[in-house]
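Subject: Structure handover

Hi,

Here is the structure I promised to pass on. Please open it first, then read my notes below.

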Amino acid sequence: MDYSITKFLWTLLGLFIVLNWGMLMSSTMRRIGARVSGRFGIPWYQPWIDLTKLYSLKSQVSHGAMFFLGPVFRLMGGVGIFLFLPIIYGSDHWSNYSFSGDLILILYFQFFGMLGMALGAGEGGHPHSAIGISRGLSQFTTIEVPMTLAVISLAIQYQTLSISDIVAAQQGGFTTWTLWTNPLATAAGMLSLLGAFGHSPFNLVKAPNEIPIGPPTEYHGVFLGVLRTNGAILHVAEAALFMNLFFGGATNWVELIVKTFLIYFWSVFVGTVFPRFRIEQSVRWFLKVPTIIGIIAIIIFL
Amino acid sequence: MQKIIQDIESRYSVSEKEIRRNNLCFLTIPKNQAISLVTYLRDYQGYSAFTLLTAVDWIEEGHFQLTYLLNNPTNYTEIGVRTMIERDHATMESAHHLWESMQTYQRELKEMFGIDFPGSPRVDEDFILEGWTDIPPYRRDFDTKKYAEETYFPRPGRETNDPAEYMKSKLFPND
Amino acid sequence: MVAPIYIIAVALGLAFLLGLLKSSSTNLGSLLMLAGLAFIAFVSGQWLYEFLINGRATEMIFTAGFKPPFSINLRMGMQEALLTTMINAAGLLSGLYLIDTLKKTGINSMTVLLVFVMSLNVIVMTRDIFNLFVFLEISSIATAGLVLLSSKGNAFQAGMKYLIATGIISGLFLIGIIFSYLYAGSLNIDELNAAHIMDIKGGAIAIFIIYVSVILELKPFPANGWGIDVYTAAKPGFSALISSGTATAGLYVAYKLLPLGGETWLPYFTIIGAITFIGSNLMGTRQQNPNRLLGYSSISQVGLLLMILGLSNQLGDNTLFIAFSILISHYAAKAGLFWLSGIVKSQNLEGWAVLRKQPFMLFLFGTFIFALIGFPPFPSFFGKWQLIMELATQENYLWMTLILTGSFIEAIYLFKWLGFAIKLDVPSNIVMKFEWNKYLPVYLMALTLYVIGFYVSPMVEGGAFINYIPLLFVLALFALDFLPVFVKNTISIAGIIYYMVDLFSQLENDLMRQIFAVIFLGGAVLTLMAGYNKKGTRAGFYPMALMMFAGLTGIIEANSMLEFFFSWEIMTAGSYFLIIRGKRSMPHGYSYMLFSIGGAYALLFGFALAYASGLDTTIAALGHITQLTTLAYTLLAVGFMTKTASLGLHIWLPGAHGEAESDVSPMVSAILLKAGVFGLMLLFLYMGTGTEGGDKLLYVLGWVGALTTLVGNLGAVFQEDAKRLLAYSSIGQLGYILFAVSIMTQLGWLAGFTYTINHFMFKAILFLVIGGIVVKLGTHNMYEMGGMIKKMPFSFIAVLISIIVIGGIPPLSGFAGKWLFYHAIIQKGWYFQGAVIFFAGIIAFLYLFKLIHSVFLGQLKDNHRNMKEISPWILIPSYLLIIGIMIFSAFPQKILQPIGEMLSVYFPESLHWEGTKAYTSLGYWDGTTIMIVVMTAFILLLGWLVLMSKKIKKVEQFNIVYAAERPFRPETTHVSYNIYAGYKKAVGFLVTPVVEIFWDSMSALLFDFAGWLRRIYSGNMQNYALHVVLFIVVFYLIALGGL
Amino acid sequence: MEKENKNIPLVKTKTFINPENEKRSVTAPDGSIIEIDPIKDYFCQDRPKEYKVRSGAVEKFLNWARAESLWVLGFGTGCGSIEIPPLVTPRFDMYRYGVQMRPTPRQSNVFIISGYLSVKTLKRAIRSYEQMPSPKYIIALGSCTINGGMYWDSYNTINRLDHYMPVDVYIAGCMPRPEALLAGFAKLKELIKAGKAEKANEYVRNLDWYKANQKKIIKDWNMPDYNW
C-alpha cells in the first residue's frame, strides 16, 4: 500500500486510541475527585455515554457559519497537536506527521483551536461567551510565558527544537530525563501546564458556576460532542507533549499511558486542593513565581 | 421615648398613640402632617433608618392605613408613623426624597393597593406582578380565591379542610 | 549694456520727477514708479545675464572719474548683479502689489519706495564705506517712511522706534568709519580690507564698532525688538520688501566687510548668528500673529545666514553656494508669505484656513513653508545639505547640532501654521478676493523657488543624478486635479505600473530592492485600487499619494546619500499631506511631521558623518564611517526608527494612522513604514557586525524592538477605536522587524523579511477592510459595531485570514515568521528579549480577538441592519493580497530560499533547504506539508461534523440563553467595551503613557522657555535701546575683553 | 365578592410592552431610517417541528444512552429547589446515576420544576424549556405543580403545570425528599428506555393549546411565540 495511506491509517488508529484513553482518563480523574469529596462519582464509562447522547440529540440550532465552524477549528486544534507530535519515541507508525515541523509548530498550533473556538462562540452572540473568551485569552497570554521560558531553556540545554531529538537525548533512564537534568525548566513547564489544562485554580474560564459556562454557553448537541471529543484528544496530546519534553517520552503505549496519566493527575491533584483564582490573580500569579523560575532556568545556562 | 412623644405631641396633632414597648410606639397623625413628621424625626430626632412602609386596607372604614416605621440606630428605638388616607383615589405624598429605598416601597404599594404616590420615580412600572390587569390584589375587595379558580385551571377533586378541625380529627379522632 | 550707474540715476531722477507731480496724479505717478522699478530691475537683470551666460568680468565703476580713495566707486560683479536683481525684482513686485495702497497714500510714498529700492542697490554695489553709511541711513529712513504709511495704529510708534534704533546704530557705524579711516587712510572697502587694521594698535576697536553696527543692522537676537515691531506694523507688502530686500542687502554688507577683521572675528559672527537663529525661532513658537511670526522667522533666517558667513573659512568655496541657496529660499518664501498675509488679511494664524477656498493658494502656501524648512526640491534643501556636509568634514559638530536644532524649532511653528490652514474650519468673516497685482507676485515667487531649486541641484555633489521624472508625473497630476477620481486613479495606477516595470529592469540582481519595490509600488497599485470607490474629484489626493510613492521609489533607486535623502524628504512631505487629510488629523499630522523632521535631521547628521569619513557621496559610504562611528550609526538608526515608530518615537503613529482616510491608512501603515525598515536594513547591511559600537547599538536596538513590540501590542489590547488598534498593532509588528534585523544573522534577517512581507500584506488588508467598514458604519468605536459577519462575509474572511497570519498560527505564513524567530533568537542567544517578544506575540491574540469579535461577531446593532458588503474595490485588492498570503503560506521556500541565498553573501548560512523543508541547526519546518496536512484534516473533521449534524435550525441574534431572560437591546448585549478589564487590572500599569508624558513635558518646557524669553520684547523703546547697549557691551567684553 | 368600587383606578392601564419591545426607528449611518420591530427582527419566528421518533436496536441503544446521561438544568423555581443541592452530596451522589447539573438550557435535557410556579417564573420556565434541545424531559416536583398545593388559591401561582408544559414525571409531596427525586430520575429513565418519554413532541403537537393557556395568564407576553 502507498506509504501515505498506511501512514494515514496508522495515524487514525493512534487518534482512536488517544481519544478513548483521553475519555477514560477524564472519567478516572473525575472519580478520583469524587472520592476526595467522599462520593462514588460517575461510572467509568460515563464519558462515552455522554458523547453518544450528545451526538444523538434531535434538535440543533445554529447562529451562523462561524458558529458551525468553531467546533471544527477547535477539534482541528486538538487533532493537529496530536498529528504533529511524535507520540511514541522510535516508532515510525506513531510519530505521526511530526516530520513537518518541530516544537514551535506545536506551540503555535495550540492557537488554532483557541482562535476557532473564540470565533465560533463569538458568533453565538452570547455575552458570556465573549467574557469567557476574554478571560481565557488573558490567562493564556501569561500561561505561555513560563512555557516559553522553559522551551528556551530546553533549547539551550539540548541545542535542538526537534521533539524527537529532545526525547532521544533523554533516553537512558530517569537520570537523563529533563526532570532530573533541568528541574527548573521542568518546574516552569509544569506550572504552566496547570493553566493549560484549565483545572482549578485556573478554571475561571469554563467553570460552570462562574458566568455559565464561559465560551461554550451556546454550544449543544453535536457541537458540544465535537468539543468534548477534542477535549479528550487535547488532554492526552498536551500531556504527551510535556511527557516528551520533560519526562523522557514514551517508547510504548503503556509508558505513554502511565506518564500521561501522572501528568494529568498533577493538574487534578492541584485542582482538588486549591480554590479558584480570579482572572487578574491568575495573570499576576503566572507572571510571578513560574516566570521567575523560568528566568532562572535560562540564567543557569548563560 | 416619652420625651420624644411629648415633643412630637407639642408640634403635631397626634390623634392616637400606642406605646407597644419602651422602645416602640405608633403615632397616628393626619395625612397632611405625616411626611413632615417623618422628616422631623429623621432630621432632628435621629430616626435616620427607614425600616419599612406598609399599608392596611380598612375596607369597612373606607380608608388605608399607611405606616412609616423608622428606627433610631443610636438609642435603638422605633417609631411608627401612621396615617389614614381615603380609600377612593388613594394618593399620598411621596417621600422618596428622604430615603431612596422609599421608591421601592411606594412602587409596591402602588401595585398591590393602588395607592398612588405622584412624583415617585418609576412608581408606575411593574414591580412584582408582570402584566397585572385586575384591581390591585391586596385590596380586600379583590377575591383571590375566585380569581385563582377562574384563571388557573384548578384540578378537580381537590378537598379543602379547615386546618384546625382537620388536625384535631386526625390527631384526636376520639374526641 | 546699461551701466549700473543708471540704476541710481534713473531712480533718483524719477524720485525728483515724482516730487514735481501734482499730488492728485497718482495714476501717472504709479506708472512712472513701476516703470522706474522695472527699468532698474532690467538693468541688474541684464548684468546678471551677461555674467551668467557670457561670463563677463567684474566691472568697477568710478564716479567723477577719480580712482579711490578719492571717489565713490561701485562694483558690478556676479554677486552684485544677482543680489540687485533679487532686490529689484522684489521691489518691482512689491510696487505692483502695493499699487493700490500707494495710490491711496500719495505720490510721496512712491518716491520713498523708489528711493528705498535704489538705496538697497547702492548698499550692495558700493565699495566705499562712507557711501555705504549714507545709503544705510537713507534706507532706514525710507523704511521708517514706508512703515509710517501703514494705517495700522502701532505703525507710527514702530516707525519711530526703527528710526531711533537705526540712528543709534548709524552713529556707531560712523564712529567706526572714522576710526578705520584714521588707521587705514582710505574709505574704500577693498583698501580697508587690505590694510590689516587688526595689526594696528586700537584697530580692533575700529573693527569692533563697525562689526557691531553691521550686525545690529541685521537685527540680532535679542537686540532686535524694533525690527520685529516693524514687521508687525508695516503693510505686508512692505514687510515682504524689508524681509527680502533689506536682509539681502544687509547680509551682503556683512559679507563685504568680512575681510576687514580677518578670520579672528568670524567666530563672533557664527555665535551671534546661532543665538539669533535659535532664539528667534524659539520666539516664533509662541506667536499668534502671522506677520510677527514671519518677522521672527526672517530674523532667524538672517541669523542662519550670518552663521554661514561666520563659518565661511570652514565652508571654503562652498560658502557662496550655501549662502545663496538658503538666501534665495528665504527671499522668495518670505516675500511670498508676506504677500499672502496681505491677501489673507487675518490677524491670527487660525484665520489662514480661509486659504482652503482657493486650493492653489494653499498649494503656494505649502510651497513657501516647505521651502523655508528646507525640503526638496527647493534650493534651501541643497544648501542645508551642503552646509551640513561641509561642517561635518570640518568636524564642527556643535554648529551642526545648533543649525539642525534651530531648523527643527522653526519647523515647529511653521507646520503648526500649515496644519491650521489645512485643517481648521474656514472662517466666514474673512474674504479673499482675486486681484491680479497681488496674486501675480506670489505666483512668481513660488515659481522662482521651483526653478532655482531645479537649477541649483546639480551644483551639489551627486545632485545631478536626482531623478525628477516621478516628480514631473506628480506635477502633471496637480495639473489634472480637476478630473474625476476614476480617471486620475487610472492614470496613477498606469503610471506606477509602467514605472515598476521599468524599475525592475534596473534592479535585476538586487533581490532586497526588488522585494521593497514590490511592497512599495505593488502596494501602491493595490491601495490605489481601493480609491475607485470614491466619488468626486478628491482634490489634492493623487498628487500627494504619488509624491509619497515617488519618494519611496527614489529611496530604492538612490545610489548616493543625497538622492536617498532627497527622496526621503519627498516621501515625508507626500505622506504628511496624505495623513493630514483625515477628519481629525490635524494634531496627528503635525506630530508626524515633527517626528519626521527630527528623524530626517538625525539622518542628515549621520549622512554628514558618513560623508566626512571618506568624502564619499554614495550610500556605500555608510559602510565605512570613521568619524564618531557609534554616534553616526545611532543617529541613522534613530532617523529610520522615527519612520518605523519604535518605542519612544512611536507616539505619532496611532493618531496618524488611526485618523487617516480609509485607503490612506494602508498606504501609510503597510507601505510607508517599510521605508524605515528598508533604511534600517540598508544601514545594518553596510554597518555589518563586528564593529564594537555597532554591536552595542544592535544589542540596544534589539531590546528596543522587543519592548516596542510589547508596548505596541499591549497598547492595541486596550483600544476601543478599530483603526487605532490596528495602528498600535503596526507599532508592535515594526518592533518585531526591528528586533529581527538587529539580530544580524541570516535567520534573523529571514524572519525580518518574512515579517516585512507579511505585515505589508495583512496590514494592507486589515486597514483596507476595517477602514471601509469604519466609513460604512460611520463610527471608529468597535463597541458600536458588531454582527457584521452576516452582512459582510467577504470582509470577515479577509480579516480572519489576516488575523491568522498576525497570530502566527500554522499553516499560514505568519507561522514562518514565528518559526524563524524562535530559531534566530536561540541561535543568537538573545533569550530574554526573545521571551518578551513571544509574550508580546501572544498578547496579540487579545487585540485580534477583540477586533474580529467586536466588529464581526456578537450582536448586530439596530442601525446596521440594512448594511451591505463593503465596496468591491476594497475587496479586490484585499483578495489579491490574500492570494499572495496563500501562495506564501503554501510555498514559503519559493520566496524564502532566494532571500536566504541573497543574505548568505552577508551572513554565514544558518538555514538550508531540502525541497520544501527548511533546516536549521535546531530544528526543521515544512510549510507545504503542514498546509497539506492541516487542510486535509480540517476537511475530514468538517465532514465528520456535517455527517453528525441533524437538520439545523437557523436562529436570530437574540435567540440565546440569557439566564431565562431575554436580551433587550443589541447594545447592552454586545460585549466589547473594556473587554479586558481583568487584564488591565493585572498588567495595565505597563501601558502608562510614559513616552507621551515625556514628549508632552518636553514640548511644554520648550514653550515655557519661549514664553519666558518673549518677555524681553516689551515694546518699550527704552528697553530696546538698553538691549542695544547691552548687546554692544557683551559683545565688546567677549570680543575685546578677552583679546 | 363583587367588585364594589368600579371607579377605583386600575394600576395598569397601558398595554404591557416594555420600551425595549416597542417598535423604534433608528437612523442608519447612510442617513436612511430603519424601522425596527424587536420581537420580529431579533427573534426567530418559526414554529417548532416534531422530530421523528425512530425505533429499532440503534434507537434503543441511543435511548439507553439518553437515559443514562441526564443533564439537569440548574434552575430552581420554588421552595423545592432546596431539595436539589443535596443530590450532589456524598449521601445521595446523583452522579452515580449519570445525572449531572448543567448551567445552560442548551446543554440540558431535564428540567426540574421544583415547586410552585408564579406567573412571573412560569414565563422564564417556558423560555428555558423551549431553548433546550430535544429530546427533553420535565420532572414536576411537589404538590404545587400538581394541583397548586398550599398555593391553590393564590392570585399569582399556577395550579396545574401540565396545562402549560408537558410533564414526564410527577413527584408528589410537600416537599418530596431527595430520595424521592432519585426515584423520580429512576422512573424517568424507565420511561426513556421504553421510548415513552417523547413529551417534547407532544408539546409541539399541542403547541396552540399550550400557548393559549400560557398567554391566558402571562398578560405581558413580550417574547415570540416560541423561544428558540
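Chain B and chain C make no contact with each other. Their closest C-alpha atoms lie 14 Å apart. Keep in mind that this is a predicted model. Chains A and B do not touch either. For that pair, the nearest C-alpha atoms are 25 Å apart.

So much for the gaps. Now for the contacts.

Which chains share the most contacts? Of the 4 pairs of chains that touch, A and C have the most. Chain A puts 65 residues into this contact, and chain C puts in 62 residues. Look at the chain A side. Several elements give two or more residues there, including β1 (60-62), α3 (65-83) and α4 (103-124) of chain A. Further along the chain A sequence, α5 (127-158), α9 (221-246) and α11 (279-287) do so too. The largest share comes from α5(A), with 17 residues. By class, the chain A side has 37 nonpolar, 20 polar and 8 charged residues.

Stay with β1(A) for a moment. This strand pairs with β6 (residues 952-954) of chain C. The two run in the parallel sense, over 3 bridges. To find the spot, pick A:Gln60, which stands opposite C:Ile952 in β6(C).

Next, chains B and D. How many residues does each chain give to this contact? Chain B gives 25 residues and chain D gives 28 residues. On the chain B side, α3 (102-113) and α4 (144-151) are the elements that give two or more residues. The largest share, 5 residues, belongs to α4(B). Sorted by class, the chain B side holds 10 nonpolar, 6 polar and 9 charged residues.

Last, a helix pair inside chain C. Two packed helices are described by the angle between their axes and the distance between the axes. Here the helices are α33 (residues 793-807) and α36 (residues 872-890) of chain C. They pack at an angle of about 35°. Their axes are 10 Å apart. The crossing of α33(C) and α36(C) is left-handed.

Which residues make the contact? From α33(C) come C:Phe794, C:Ala798, C:Ile801 and C:Val805. From α36(C) come C:Leu875, C:Ser878, C:Tyr879, C:Ile882 and C:Ile885. By class, this contact has 8 nonpolar residues, 1 polar residue and no charged residues.

Best wishes

Terms used. Residues are numbered from 1 along each chain as its sequence is written. Chains are lettered from A and ligands numbered from 1 in the order in which they are written. This is a predicted model: local features need pLDDT of at least 70, side-chain atom pairs count only at pLDDT 80 or more; totals for chains, interfaces and linings use all residues. Two residues are in contact if their C-beta atoms, placed from the backbone, lie within 7 Å. Helices (H or I, at least four residues) and strands (E, at least two) are DSSP runs, numbered from the N terminus. Ala, Val, Leu, Ile, Met, Phe, Trp, Tyr, Cys and Pro count as nonpolar, Asp, Glu, Lys and Arg as charged, and the others, Gly among them, as polar. Two strands pair if DSSP finds at least two bridges between them. Axes are lines fitted to C-alpha atoms, for helices over the stretch in contact, and angles run from 0 to 180 degrees between N-to-C directions. A crossing is left-handed if the near helix is turned anticlockwise from the far one by less than a right angle, and right-handed if clockwise.
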